[in-house]
Amino acid sequence: RIGQLVEFANATWSPSQVARPLLMAPSTSTESGALDDVQVLGAWNFTLQADTPLYWLRCGRLDKYLMKFTMHFPCPCTSGIVLHAEADFGGTDGASFWVERRKSEDGQAIKRYLLSGEGLDSRPIVTRQYPDTDSDSKEEIEVLMQGYNGVIMVQNRKVQLKFKCRRNKGSIAFYNSTQSDRE
């Protein structure tokens, strides 16, 4: 199961439940610099089962945005998002961020965050392993994109993954690459 998507301020995306992403992007600039230029692009709800290919948000190509969502996922699970990609090319040209929850060799539940892909102009990122629970979990994730530059914030903004993309805009997709149980 993948999760719930985003809803601004109360965004949720989970591998196991319906997801609602919340997405805000600037519309047109104002001289005063007020929040008049912020456009709320809406909330989405969806659930992604194991082995789900990319689920594209229908918001077009974006260059500057703040996306907040809560991911609900079981352990083990591997799911994430593709940023600044072209929907027509299957997402392989974008930057991919994912969360990997699994058990370590000594049987402890661990979690780590990864960022990689053809669309990444900076170095790939693999964080250290963080202690995790063995049960279903949820985590709030924020993605701030400003043209080529982006930052992904997790664990209440304590962990920040800063990166640079090859493109200054693109589409957004969610995925769940968790292997389903096959009998």
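A salt bridge is a side-chain nitrogen of Lys or Arg within 4 Å of a carboxyl oxygen of Asp or Glu. The exercises below apply this definition and a few others to the structure above, which is a predicted model.

**Exercise 1. Decide whether Asp-134 and Lys-103 form a salt bridge or stay unpaired, and describe where the two residues lie.**

Solution. Begin with the distance: the closest N and O atoms of Asp-134 and Lys-103 are 2.8 Å apart, and the cut-off is 4 Å, so the pair counts as a salt bridge. Next, locate the partners: Asp-134 sits in the loop between β9 (130-131) and β10 (137-146), while Lys-103 belongs to strand β6, so the pair ties together parts that are 31 residues apart in sequence. Finally, look at accessibility: Asp-134 is partly exposed, with a relative accessible area of 45%, and Lys-103 is likewise partly exposed, at 44%.

**Exercise 2. Work out the surroundings of Glu-86, and find which residue forms a salt bridge with Glu-86.**

Solution. First place the residue: Glu-86 is in the loop between β5 (77-85) and β6 (95-103). Its relative accessible area is 15%, and since buried means under 20%, Glu-86 counts as buried. Then list the contacts: leaving aside residues up to four places away in sequence, Glu-86 touches Trp-56, Arg-61, Gly-91, Asp-93 and Arg-167. Among these, Arg-61 forms a salt bridge with Glu-86, and their closest N and O atoms are 3.0 Å apart. Because Arg-61 lies in the loop between β3 (52-56) and β4 (64-73), whereas Glu-86 lies in the loop between β5 and β6, this salt bridge joins parts that are 25 residues apart in sequence. Arg-61 itself is partly exposed, with a relative accessible area of 43%.

**Exercise 3. Describe the salt bridge between Arg-167 and Asp-93, and state how many salt bridges a search of the whole structure finds.**

Solution. The closest N and O atoms of Arg-167 and Asp-93 are 3.1 Å apart, and the two residues form a salt bridge. The pair links distant parts of the chain, for Arg-167 is in the loop between β12 (159-164) and β13 (171-176) and Asp-93 is in the loop between β5 and β6, 74 residues apart. Arg-167 counts as partly exposed at 29% relative accessibility, whereas Asp-93 counts as buried at 13%. Turning to the whole structure, a search finds 8 salt bridges, and Glu-100, Arg-102 and Arg-112 are linked in a network of salt bridges.

**Exercise 4. Explain why Cys-77 does not form a disulfide with Cys-75.**

Solution. A disulfide needs a pair of cysteine sulfur atoms within 2.5 Å. The cysteine sulfur closest to that of Cys-77 belongs to Cys-75 and is 8.6 Å away, which is too far for a bond. For the structure, the count comes to 0 disulfides. As for accessibility, Cys-77 counts as buried at 2%, and Cys-165 is buried as well, with a relative accessible area of 1%.

**Exercise 5. Determine whether Ile-152 is buried or exposed, and name some of the residues that Ile-152 touches.**

Solution. Ile-152 is found in strand β11 (residues 149-154). The relative accessible area of Ile-152 is 0%, so this residue is buried. Not counting residues up to four places away in sequence, the residues that Ile-152 touches include Leu-83, Phe-97, Leu-115, Ile-141 and Phe-163. As a last step, compare chain and space: Ile-152 and Tyr-113 are 39 residues apart along the chain, and their C-alpha atoms are separated by 9.9 Å.

Notes: Residues are numbered from 1 along each chain as its sequence is written. This is a predicted model: local features need pLDDT of at least 70, side-chain atom pairs count only at pLDDT 80 or more; totals for chains, interfaces and linings use all residues. Side-chain values use heavy atoms; hydrogens and water are left out. Helices (H or I, at least four residues) and strands (E, at least two) are DSSP runs, numbered from the N terminus. Buried means under 20% relative accessible area, exposed over 50%, partly exposed in between (1.4 Å probe, protein chains only). Contact means heavy atoms within 4.5 Å.
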